Amino acid sequence: MTADPRYGLHRHVSLPGPLALDSGAALTPVEFGYETYGSLNTDKSNAILICHALTGDQYVASDHPLTGKPGWWTRMVGPGKPIDTERYFVICSNVIGSCLGSSGPSSINPATGRAWAMDFPVLTIRDMVRAQAMLLDHLGVERLKAVVGGSMGGMQALSWAATFPDRIGAVVVIASTAKHSAQNIAFHEVGRQAIMADPNWRGGDYYGDGEAPAAGLAVARMAAHITYLSEAGLTEKFGRRLQERDAKTFGFDADFQVESYLRHQGLSFTGRFDANAYLYITRAMDYFDLAEEHGGMLANAFRATDARFCVVSFDTDWLYPTRESRAVVRALNAAAKHVSFVELSSPFGHDAFLLESPELNAVVDGFLKVEG
Amino acid sequence: MSDLRPDLAVIARNVDPGTRVLDIGCGDGSLMAALRDTRGVDARGLELDPANVSAAVARGLSVVQGNADTDLADYPDQSFDYAILSQTLQTTRRPDLVLDDLLRIGRRAFVSFPNFAHWRVRLSLLWGGRMPVTRLLPERWYDTPNIHHVTIDDFRAMVAERGIEIEKARYLRGDRRTGPAAANFFAEHAVFLLSRD
């Protein structure tokens with residue numbers, strides 16, 4: 001038996017589309033960089049879709065081709081892990097708008113033969129989800145046992161419940177929200193302005209011979225990274241400690257460890273991410289307001305689905321604080337859905353969902369093992 | 001069901017099979033699991049302690065972390081056949097309002113609580129002159145979660161004032177039943193099934 005070329009690591013497919021977008025535009029073709037783990041069972045009932053966060057990618061449990069680092073969620077996904085690749089057929093796809101093999105501003109516009117750049121249509125979270133559904137059709141998966149996501153992945157998971165209510169059995173939403181707040185949008189705008197203020201950005205048309213706007217992208221990443229950590233976490237990790245020096249230099253080098261750390265985070269990010277993709281994905285997140293898509297009533301977004309929901313927040317997450325998760329839970333209760341919710345304790349802020357958390361693992365494990 | 005706490009076992013025996021139940025203060029979900037497994041009940045839970053919520057979710061139950069005093073308003077009217085409040089009434093800030101919410105959300109409600117008029121408690125206060133610390137009420141006055149101690153007679157009076165009907169009452173001494181006569185003196189626990197006419 002030859003292996004099905006649709007399944008496995010480092011997959012890429014270009015589907016003809018067109019994909020109708022919320023903006024009114026249509027995308028064609030629709031390219032996907034994705035990975036699958038484990039095997040689809042005979043009745044095709046064991047598929048789990050993992051949705052990644054803003055700067056995440058499809059390399060959820062395999063080494064990243066650019067950085068060589070292990071997958072971003074190996075604590076949760078793999079053999080014997082809560083999302084057990086020996087039990088489940090796990091799919092993770094690069095969102096459209098991104099830059100790791102799926103259609104985005106850095107991929108080729110067939111009309112011109114050059115990178116789309118800013119001619120790429122502006123996307124929404126729901127557009128990303130519709131694209132994923134298109135990929136699932138290609139993979140022969142009609143119904144998902146579960147869709148799982150943290151942060152922006154959680155937004156996609158919620159959007160899945162609203163957009164394809166009959167295609168999902170369960171939804172796991174971690175450290176996420178049903179809408180972007182003014183503060184969320186504000187931080188993203190700082191990042192976008194940093195990118196667009198970089199002279200190398202050149203209206204987004206930097207793919208040919210020019211330098212990429214790495215300095216702007218690095219600043220965007222630095223600003224965003226602060227929102228992923230808690231103040232207590234930063235204090236514990238860095239305090240006011242100096243970076244490899246005994247005294248302040250009375251200059252603007254990275255005197256403090258926290259400065260050095262952020263500069264490193266910013267710089268290393270530019271090696272694996274496209275600045276325009278950052279613009280497009282943050283825009284999609286800012287546009288996200290699930291209630292708005294359903295007559296202003298969040299509960300309406302969930303009425304059509306019979307899926308079970310598991311919502312998890314972290315007590316030190318100030319990017320998507322617990323009250324945002326509670327708003328989702330309240331709406332699910334109002335729609336009389338099966339919902340579990342827990343606020344876990346962690347010193348690490350928003351990033352906690354990616355870090356070691358035995359409680360998170362236990363909750364996801366137990367939730368997914370329920371039959372049905 | 002044999003390993004359930006006695007008041008929970010009483011409740012479990014009196015829930016009709018196949019019904020929808022909201023267990024408020026569900027702990028680690030023991031009652032919910034028993035109801036699901038033995039009576040085919042569609043059970044949901046509300047629980048304050050995150051470790052308990054995690055334990056309940058990990059056994060496949062639908063439990064929301066929340067507070068009976070503040071979060072019951074999120075549940076629609078008459079959305080459950082039963083609302084259950086076991087050994088939680090005396091920990092709420094406004095037991096009267098919580099009781100109203102129970103019978104708004106559920107068509108009927110089970111309420112169980114430790115009886116503060118049990119003779120041991122009376123004796124302890126009468127002769128010791130100190131706030132009672134008993135087998136059933138093991139915490140001291142300053143660290144107890146029980147902020148509204150209630151007796152069986154107090155509870156009967158409250159439900160009567162609010163026009164709530166007592167459909168069933170069970171009184172427990174340890175894991176054994178005791179009669180309704182002088183229950184306020186002899187029962188350690190009471191379990192009531194309530195409804196509005």
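**Close-up views of a predicted two-chain model**

**View 1. Surroundings of A:Asp351, a position listed by UniProt as a binding site.** Once neighbours within four places in sequence are set aside, A:Asp351 is in contact with A:Tyr228 and A:Leu229. The model shown here and in the other views is predicted. A:Asp351 sits in the loop that runs between strand 14 (339-344) and helix 10 (358-369) of chain A. This residue counts as buried because it has 21 C-beta neighbours inside 10 Å, the threshold for a buried residue being 20 or more.

**View 2. A:Arg221 and A:Asp351, the "binding site" positions in the unreviewed UniProt entry.** The two positions span 131 residues in sequence, yet their C-alpha atoms are not more than 13.9 Å apart, so they gather at one spot. A:Arg221 belongs to helix 4 (residues 214-228) of chain A. With 22 C-beta neighbours inside 10 Å, A:Arg221 counts as buried. Not counting residues up to four places away in sequence, A:Arg221 touches A:Gln265, A:Gly266 and A:Phe269.

**View 3. The "active site" positions A:Ser151, A:Asp317 and A:His350, as annotated in the unreviewed UniProt entry.** These residues are spread over 200 residues of sequence but cluster in space, with a largest C-alpha distance of 10.6 Å. A:Asp317 occupies the loop between strand 13 (308-314) and helix 9 (322-334) of chain A, and A:His350 the loop between strand 14 and helix 10 of chain A. A:Asp317 counts as buried because 29 C-beta neighbours lie inside 10 Å. A:His350 is buried too, with 25 other C-beta atoms within 10 Å. Which residues does A:His350 contact, leaving aside its neighbours within four places in sequence? They are A:Ser151, A:Ala175, A:Thr227, A:Tyr228, A:Asp317, A:Leu319 and A:Tyr320. By the same criterion, A:Asp317 is in contact with A:Ala175, A:Gly349, A:His350 and A:Ala352. A:Ala175 is thus among the contacts of A:His350 and among those of A:Asp317.

**View 4. The annotated span of chain A and its domain assignment.** According to the unreviewed UniProt entry, the annotation "domain: AB hydrolase-1" covers residues 46-355 of chain A. The C-alpha atoms at the ends of this span lie 26 Å apart, and the span is 35% helix and 13% strand. The domain assignment divides chain A into domain 1 (11-181 + 289-369) and domain 2 (184-282). The C-alpha centres of domain 1 and domain 2 of chain A are 25 Å apart. Between them, 26 residues of domain 1 of chain A are in contact with 23 residues of domain 2 of chain A. On the domain 1 side of this contact, the residues are 14 nonpolar, 11 polar and one charged.

**View 5. The contact between chain B and chain A.** Here 15 residues of chain B are in contact with 23 residues of chain A. Helix 3 (50-58) and strand 3 (62-65) of chain B are the elements that give two or more residues to the chain B side. Helix 3 of chain B supplies the largest share of that side, five residues. By class, the chain B side has eight nonpolar, five polar and two charged residues.

**View 6. The largest nonpolar core, with 170 residues.** The residues with the most contacts inside this core are A:Ile48, A:Val90, A:Val147, A:Val171, A:Val172, B:Val57 and B:Ala83. Helix 7 (residues 275-287) of chain A gives the most to the core, with nine residues. Domain 1 and domain 2 of chain A each contribute at least three residues to the core.

**View 7. Helix 5 (residues 95-105) of chain B and the surroundings of B:Ala83.** The buried residues of this helix are B:Pro95, B:Val98, B:Leu99, B:Asp101, B:Leu102, B:Leu103 and B:Ile105. Elements of chain B that cover them include strand 1 (20-24), helix 4 (68-71), strand 4 (80-86), strand 5 (106-114), strand 6 (164-173) and strand 8 (189-196). Leaving aside its neighbours within four places in sequence, B:Ala83 is in contact with B:Leu22, B:Ile24, B:Leu102, B:Ile105, B:Gly106 and B:Ala109. Among these contacts, B:Leu102 and B:Ile105 are also buried residues of helix 5 of chain B.

Note on methods: Residues are numbered from 1 along each chain as its sequence is written. Chains are lettered from A and ligands numbered from 1 in the order in which they are written. This is a predicted model: local features need pLDDT of at least 70, side-chain atom pairs count only at pLDDT 80 or more; totals for chains, interfaces and linings use all residues. A residue is buried if 20 or more other C-beta atoms lie within 10 Å of its own, exposed if 12 or fewer, and partly exposed in between; C-beta atoms are placed from the backbone. Helices (H or I, at least four residues) and strands (E, at least two) are DSSP runs, numbered from the N terminus. Two residues are in contact if their C-beta atoms, placed from the backbone, lie within 7 Å. Domain bounds come from an automatic or database domain assignment. Ala, Val, Leu, Ile, Met, Phe, Trp, Tyr, Cys and Pro count as nonpolar, Asp, Glu, Lys and Arg as charged, and the others, Gly among them, as polar. UniProt positions are given in the numbering used here, feature names are shortened, and annotations may be inferred rather than shown by experiment. A nonpolar core is a set of buried Ala, Val, Leu, Ile, Met, Phe, Trp, Tyr and Cys residues joined through C-beta atoms within 7 Å.
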